[in-house]
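The following exercises practise the reading of a protein fold. Each task is followed by a solution in steps.

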Amino acid sequence: VCVCVCVCVCVCVCVCARARGDCESGVSVTTHTCVYVCRVRVCAVSCCLVVGILQEDRKALTEELAKAQQIIDKLRQDNAKITQQRDEMVEVNEILRKQIVKFDSFLESAGPSTPMRSVKDAKLDQVFRERFSLPTTECCLATFTCTDANLKHGKMYLSQSYLCFDTHFSLGEAKEMFPIKAIYQIVKTGDEGYMKFLNTALTFITEDGKHHLFRCFVGKDAVVEAIVQAAGLLHLTIRVTDDF
């Protein structure tokens with residue numbers, strides 16, 4: 001617009017100067033003035049057209065700018081929603097991580113999982129736990145007939161975490177119980193004297209250095225294998241030897 005106005009002003013100045021020159025030279029001013037007036041009008045019309053076109057372009061650009069601003073505002077809103085959802089997911093992930101840590105701690109404190117038991121086995125488990133005052137998480141996985149070091153006949157019980165023995169002819173004074181994790185070594189020929197030739201004894205050596213001797217096992221290799229497997233479930237390793 002400013003350019004068009006400047007052009008019109010320049011044209012008018014030129015027309016006036018030319019008219020003054022004509023007057024000084026004696027040329028008819030009217031004729032030249034009419035010509036230049038027509039030129040000025042043409043220029044004015046052209047300027048008006050240019051101004052109109054520029055105004056339309058400005059209006060179109062303003063509308064495009066408004067649309068672009070709306071798109072930018074919508075993108076900002078979407079970005080804010082995505083950021084909020086990301087923050088919520090981070091919070092949920094943190095909550096789940098804490099729950100997993102608590103669950104892992106619970107599993108570690110609870111020990112090995114309790115296997116599925118039949119009604120008969122459940123009754124045996126109850127009697128077993130009451131006899132040796134064990135927690136409810138312990139189940140009797142296997143029993144082995146044997147005697148203690150004094151040849152008192154009884155039964156050995158194997159649970160997830162304990163190895164227990166009780167005789168059939170006492171009121172509890174001959175009970176023995178020690179954790180599987182305390183067993184350091186199992187000696188297969190741990191007997192002495194004439195009993196050594198029967199090859200039915202097992203000696204369990206615990207971490208405190210004590211020797212627990214049991215005799216008259218039937219199939220003692222199977223007994224050792226069962227105890228070693230129970231220790232494996234606790235991520236433990238028991239050394240097994242044929243002699244001291």
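**Exercise 1: A helix lying across strands**

Helix α4, residues 220–233, lies across β1, β2 and β3 and runs at about 30° to β2. The model is a predicted one.

Task: Determine which residues of α4 are buried and how they are placed around the axis.

Solution.

Step 1. Check the length of the helix. At 1.5 Å a residue, the 14 residues of α4 should span 20 Å, and the end C-alpha atoms are indeed 20 Å apart, so expectation and model agree.

Step 2. List the buried residues, taking buried to mean under 20% relative accessible area. In α4 these are K220, V223, V224, I227, A230 and A231.

Step 3. Locate them around the axis. They cover an arc of only 125°, which means that they lie on the same side of α4. The general background is that an α-helix has 3.6 residues a turn, so residues three or four places apart point the same way.

Step 4. Examine the other side of α4, where Q229 and L233 are exposed.

Step 5. Identify the packing partners. The buried residues of α4 pack against β1, β2, β3, β5 (183–187), β6 (202–206) and β8 (239–241).

Step 6. Look beyond the helix. α4 is followed by H235, whose phi is positive, near 60°.

**Exercise 2: The four-stranded sheet**

Task: State the order of the strands in the open sheet and name its edge strands.

Solution.

Step 1. The four strands follow the order β1-β2-β3-β4, and their pairing is antiparallel.

Step 2. The edge strands are β1 (142–147) and β4 (176–179), since each of them pairs on one side only.

Step 3. Neighbouring strands of this sheet are turned against each other by 15° on average, direction ignored.

Step 4. Take one pair in detail. Strand β3, residues 162–167, is joined to β4 by four bridges, and the two run antiparallel. Within this pair, Y162 stands opposite P179 of β4.

Step 5. Add the helix that packs on the sheet. Helix α3 (residues 119–132) touches β2 (153–158), β3 and β4, and its direction makes about 85° with that of β3.

**Exercise 3: The whole chain**

Task: Describe the make-up of the chain and how much of it is buried.

Solution.

Step 1. Count the elements: the chain has four helices and eight strands.

Step 2. Read them along the sequence, which gives the pattern α-α-α-β-β-β-β-β-β-β-α-β.

Step 3. Consider burial: 26% of the 244 residues count as buried.

Step 4. Consider the surface: the chain exposes about 16900 Å², of which carbon and sulfur atoms supply 61%.

Key
Residues are numbered from 1 along each chain as its sequence is written. This is a predicted model: local features need pLDDT of at least 70, side-chain atom pairs count only at pLDDT 80 or more; totals for chains, interfaces and linings use all residues. Side-chain values use heavy atoms; hydrogens and water are left out. Two strands pair if DSSP finds at least two bridges between them. Axes are lines fitted to C-alpha atoms, for helices over the stretch in contact, and angles run from 0 to 180 degrees between N-to-C directions. Contact means heavy atoms within 4.5 Å. Buried means under 20% relative accessible area, exposed over 50%, partly exposed in between (1.4 Å probe, protein chains only). Accessible areas come from the Shrake-Rupley method with a 1.4 Å probe; for residues, only the protein chains shown count as cover. The expected span of a helix is 1.5 Å times one less than its number of residues. The arc is that of the directions from the helix axis to the C-beta atoms.
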